[in-house]
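Colleague: I'd like to go through the labels you put on this model and hear the reasoning behind them. Could you show it to me, and we'll start with how the helices pack?

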Amino acid sequence: MCGIVGYVGDKNAYPILIKGLHRLEYRGYDSAGVAMISDEGRLNVYKTKGKVSALEHYAENKDISGTIGIAHTRWATHGEPNDLNAHPHYSENGSIALIHNGIIENYGVIKTMLSEKGYTFRSDTDTEVLVQFIAYLRAENHCTLFEAVQAALNQVIGAYAIAVLDKDNRDEIIAARKSSPLVVGIGEGEYFLASDATPICEYVKDVVYLNDGEIAIINRHKPLKVYNLNNIESKIDIRKIEMNISELEKGGYPHFMLKEIFEQPRTITDCIRGRINLEGTNVILSGILDNKDKFLNARRIIFVACGTSWHAGLIGEYLFEDLCGIEVKVEYASEFRYRNPVIQPGDVVIAISQSGETADTLAAIELAKSKGAFVYGICNVVGSSIARATHSGTYIHVGPEIGVASTKAFTGQVTVLVMMAMVIAEMKGRISKDKYEAVLRELLAMPESIKHILAQHEHIKDIAAIFTYARNFLYLGRGYNYPTAMEGALKLKEISYIHAEGCPAAEMKHGTIALIDNEMPTIVIATNGSVYEKTISNIQEIKARGGKVIAVVNEGDEIVSKMADYCICVPSVEECLTPLLSSIPLQLFAYYIAVNKGRNVDQPRNLAKSVTVE
Ligand code: AGP
């Protein structure tokens, strides 16, 4: 939820920290701050409400010297976003500074204890309590910073990724994680630290992902040391990052979101690459083949996910029931984790997450595992917590998604789900050769089909201009296109702040139709397929009540195009592939409306890219 960066080495820390914060700004942008030990040995802490650019402005003409520092960009949990609550927080004696991503649940008890001992607090945050607690334990026990951090973390309840600096030790950062991600980059005489690999990849390729309950001693003169909370040393598992800097830049587009929408022909290609044999006749997914029995004998599949990934799970429900004949449940991870869900032998849980760090999804996975389920992951971020917590899985390989509104990850998730369903359906003998070949052929042609839709961006932009006035939108779809309608509505809400509702088209007449008037436009996905005619009736119901209709139809459509006020055409494909195409114009539509309204498309208000707190 917040972004953490750290550096210790022989370079000037400040530019590295600021650049890193910019890369992590998608994780939170309420306030930002930096703590560095200056060349003169002072602990300088600069922090301010607002974005990283506000911090840069604030730090102008201040002492930004020093080769060791930590920095933070915040998405507020405890305390409103203001200068005081911004991180880093520091101990009363000004010697220890700390940044934190997560929530300390028992901070109240610790704060009371410290207050009784005379400690005072400047902010409303749980994080300041943690740094004061560490300082207190250090003074009480006359121990090192590492020992004090370890002792403190043994007593706190909650989620954290932290980095701690001690004014009297210019060589060392102490970092620890539990339920919030942290990765250490290893260079020559220098170390980098971050919430994910994006701020690190331009400097080093060797990284270590800390595991839950681990504390790292990052000392510029020494090899990296990692211990658990019981002081047992961990084995260092060095991984290579394969991230390209150009993937982290806008590449000439005004926003990451637009770049990511336009990247989809390539990201779908990357997603299917190596998973379809050279002859183009077979899908091969090692994660499924390695666990063939689990999927062949699956009594039920339960998807757990949040937000857009949950919408992908809904499409998974249609796919796995339709192609594989397996019963499917789709669960909000946040609800699943707090129920007492019935998991029986033969249940397979599939967790979907772009970031691989969503706290609710992670907790749902742990619950499913504790009940004996086999858990499969569909993630984008390689080495993420969910990728590591699941028994097996498939990466979507769409590259870093920086725009807060998920676009290319969604189509990547759906692509993986289609491939999984095809493999399982074939293993079960449930799909005809003709159907299998047709789906595969169209999947291979998907990048071209998407290009075809993207080429209509000016047309979609014009329609968006006409409807930018609207205060409410309805999105309708049936069958495979119902989840796509939900996803279209979510895209519009999150980046334009216009209220939008996604609804199964036929369900509209059970209530939602009361909202229809000439000021509430409806987007209807009415592509060919088993429910095409039914959807036509729904369009008539809207038109009869004076509603405006923007329809997503197949090229050559002659019926809906005469009824709708505006049409956007997509190529005709097998029904199970329609979400991959219908979602593209909805992404563009939401984007252009948000731009017209002057919204911050990549960093919409109140949101953050990965939700690592409850
Ligand atoms: C999508 O546009 C969202 N911003 C959000 O709903 C997101 O999909 C959700 O938070 C889940 O994230 P994850 O895929 O990283 O787990």
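Colleague: What makes you call helices H7 and H16 roughly antiparallel?

Modeller: This is a predicted model, and in it the axes of H7 (residues 264-272) and H16 cross at roughly 165°. Angles over 145 degrees count as roughly antiparallel, so the label applies to H7 and H16. Their axes come within 8 Å, and the crossing is right-handed.

Colleague: Which residues make that contact between H7 and H16?

Modeller: H7 brings Gln264, Pro265, Ile268 and Thr269, while H16 brings Met446, Pro447, Ile450, Lys451 and Leu454. Sorted by class, the contact of H7 with H16 has six nonpolar, two polar and one charged residues.

Colleague: H16 also packs with H21. Why are H16 and H21 called roughly parallel?

Modeller: Helix H16 (residues 446-454) and helix H21 (residues 578-596) pack at about 30°. The cut-off for roughly parallel is under 35 degrees, so H16 and H21 earn that name. Their axes are 10 Å apart, and the crossing of H16 and H21 is right-handed.

Colleague: What is the make-up of the contact of H16 with H21?

Modeller: On the H16 side there are Met446, Ser449, Ile450, Ile453 and Leu454, and they meet Leu580, Leu581, Ile584, Pro585 and Leu588 in H21. The residues of this contact divide into nine nonpolar, one polar and no charged.

Colleague: Let's move to charges. How do you know that Arg299 and Asp347 form a salt bridge?

Modeller: The test is a side-chain nitrogen of Lys or Arg within 4 Å of a carboxyl oxygen of Asp or Glu. For Arg299 and Asp347 the closest N and O atoms are 3.5 Å apart, so the pair passes. Arg299 lies in the loop between helix H9 (292-296) and strand E15 (300-305), and Asp347 is in strand E17 (residues 347-353), so the pair ties together parts that are 48 residues apart in sequence.

Colleague: Is each partner buried, partly exposed or exposed, and what makes you say so?

Modeller: Buried means under 20% relative accessible area, and Asp347 has 3%, so Asp347 counts as buried. Arg299, at 38% relative accessibility, counts as partly exposed.

Colleague: What separates Lys369 and Glu366 along their helix?

Modeller: Lys369 and Glu366 are three residues apart in helix H12 (residues 359-370), which means about one helical turn lies between them. Their side chains meet in a salt bridge at 3.9 Å, N to O, which is within the 4 Å limit. Lys369 has a relative accessible area of 27% and is partly exposed; Glu366, at 40%, counts as partly exposed too.

Colleague: And what makes the pair of Arg239 and Asp237 a salt bridge?

Modeller: Again it is the distance: the closest N and O atoms of Arg239 and Asp237 are 3.1 Å apart. Arg239 is partly exposed at 36%, and so is Asp237 at 39%.

Colleague: How many salt bridges does the structure hold?

Modeller: There are 32 salt bridges. Some residues are linked in a network of them, namely Lys259, Glu263, Arg266, Asp270, Arg273 and Lys408.

Colleague: Now some single residues. Why is Thr120 called exposed?

Modeller: Exposed means over 50% relative accessible area, and Thr120 has 52%, so Thr120 is exposed. Thr120 lies in the loop between helix H3 (107-116) and helix H4 (126-141). Leaving out residues up to four places away in sequence, Thr120 touches Glu92, Glu128 and Gln132.

Colleague: What makes Thr77 partly exposed?

Modeller: Thr77 has 35% relative accessibility, which falls in between the 20% and 50% limits, so partly exposed is the right term. Thr77 is in the loop between strand E4 (68-74) and strand E5 (89-90). Beyond four places in sequence, Thr77 touches Gly102, Ile103 and Val613. Thr77 and Ile103 are 26 residues apart in sequence and 7.4 Å apart in space, C-alpha to C-alpha.

Colleague: And how do you know whether Ser309 is buried or exposed?

Modeller: Ser309 has 8% relative accessibility, so Ser309 counts as buried. Ser309 sits in helix H10 (residues 307-324). Apart from neighbours within four places in sequence, Ser309 is in contact with Ile352, Ser353, Gln354 and Gln413.

Methods
Residues are numbered from 1 along each chain as its sequence is written. This is a predicted model: local features need pLDDT of at least 70, side-chain atom pairs count only at pLDDT 80 or more; totals for chains, interfaces and linings use all residues. Side-chain values use heavy atoms; hydrogens and water are left out. Buried means under 20% relative accessible area, exposed over 50%, partly exposed in between (1.4 Å probe, protein chains only). Helices (H or I, at least four residues) and strands (E, at least two) are DSSP runs, numbered from the N terminus. Axes are lines fitted to C-alpha atoms, for helices over the stretch in contact, and angles run from 0 to 180 degrees between N-to-C directions. Angles under 35 degrees count as roughly parallel, over 145 as roughly antiparallel, 65 to 115 as roughly perpendicular and the rest as oblique. A crossing is left-handed if the near helix is turned anticlockwise from the far one by less than a right angle, and right-handed if clockwise. Contact means heavy atoms within 4.5 Å. Ala, Val, Leu, Ile, Met, Phe, Trp, Tyr, Cys and Pro count as nonpolar, Asp, Glu, Lys and Arg as charged, and the others, Gly among them, as polar.
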